[in-house]
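Grab your viewer and work through a few short exercises. Try each task yourself before reading its solution.

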Amino acid sequence: FTSTRDIPNNLLTMATIASLQNFPGFSKESCPQDWFPGSEEVSTGTTLVAVEFADGVVIGADSRTSMGTWVANRVTDKLTPVTDSIFCCRSGSAADTQAITDVVKYKLNFAEIEQGRPASVRDAAMAFKEICYEYRDSLMAGLIVAGYDKSTGGQVWCVPIGGMAVRQPMCIGGSGSTYLYGMMDHMYKENMSKKECENLVLQAVTQAIRRDGSSGGCCRMAIITKDGVERKLWLNNELPIKY
């Protein structure tokens, strides 16, 4: 038998928190947040960048997922495939964005079978928008829907918190985007080549990783064209940082 004197205080605290949170009928929302250290919501923190070019889209994101000041995952993939040629870039609550993406995947798969054609990027954006708007009081999800379809080509749709949906040639999102508005206004121009878009996305994500505490880790990128999806990865020590 081990007495409580032999158990470290932090383990006792963690055990108490865990047993309280799992107690049937207990609502932790009615208690002060500092009663439950380490129980912050898992947030993707995030920097998202998406740019249209003539033949498709380039999307990029950092890879940090945090719980308050604790980095829960430093190599997250925030670029989530919805169909073979449509991706969703996720920011906000990790649980909310994953749940929404799963529902939209199911809806689009069902619609493709029903309509006998591949889902368009607009279809995907509207499916995300409907859920985000319907449950806007409960969800914290800022999304960018980007991809390629035969009818319209490459498209970037922004679905911010609140459930708006608007198509933009260039879109940034997440906490790191606040550091990027001036940079993107200055560096983005119409009719950029694929290579120029890749460089812009990489530089933007790198800048946000340097400046934003909630963004970090690697830079993940996807280039979506009629030929499919090309994925790229820059590890933290490979980012183009110039001192």
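Three exercises follow, on pockets, a single residue and a sheet.

Ground rules: this is a predicted model, where local features need pLDDT of at least 70, side-chain atom pairs count only at pLDDT 80 or more, and totals for chains, interfaces and linings use all residues. Residues are numbered from 1 along each chain as its sequence is written, and side-chain values use heavy atoms, with hydrogens and water left out.

**Exercise 1.** Work out the volume of the largest pocket and the classes of its lining residues, then do the second largest.

*Solution.* Step one: get the terms straight. A pocket is an open set of points on a 1 Å grid over the protein atoms alone, where a 1.4 Å probe fits, with protein on both sides within 12 Å along at least five of seven lines; lining residues have an atom within 4 Å of a point. Volume is the space filled by probe spheres set on the points, which are joined across faces, edges and corners.

Step two: the largest pocket comes out at about 360 Å³. It has 15 lining residues, and the closest to its centre are Ser85, Pro118, Tyr148, Asp149 and Lys150. With Asp, Glu, Lys and Arg as charged, Ala, Val, Leu, Ile, Met, Phe, Trp, Tyr, Cys and Pro as nonpolar, and the others, Gly among them, as polar, its lining splits into three nonpolar, six polar and six charged.

Step three: the second largest pocket has about 160 Å³. Ser91, Gly142, Leu143, Pro160 and Gly174 are the closest to its centre, out of 15 lining residues. Here the lining has 10 nonpolar, five polar and no charged residues.

**Exercise 2.** Is aspartate 62 buried or exposed, and which backbone nitrogens does its side chain reach?

*Solution.* First, place it: aspartate 62 sits in the loop between strand 2 (56-61) and strand 3 (65-67), strands being DSSP runs of E, at least two residues, numbered from the N terminus. Next, aspartate 62 counts as buried because its relative accessibility is 0%; the cut-off is under 20% relative accessible area, with over 50% for exposed (1.4 Å probe, protein chains only). Finally, its side chain reaches the backbone nitrogen of threonine 47 at 2.8 Å and that of glycine 216 at 3.1 Å.

**Exercise 3.** Give the strand order of the open five-stranded sheet and find its edges.

*Solution.* The order is 5-6-7-8-9, with antiparallel pairing; two strands pair if DSSP finds at least two bridges between them. Strand 5 (79-81) and strand 9 (166-167) each pair on one side only, making them the edge strands. Zoom in on strands 5 and 6: they share three bridges, and threonine 80 stands opposite cysteine 88 in strand 6.

Technical notes: Helices (H or I, at least four residues) and strands (E, at least two) are DSSP runs, numbered from the N terminus. A polar contact is a pair of N or O atoms within 3.5 Å; within protein, one must be able to donate a hydrogen and the other to accept it, and residues adjacent in sequence count only if both atoms are side-chain atoms.
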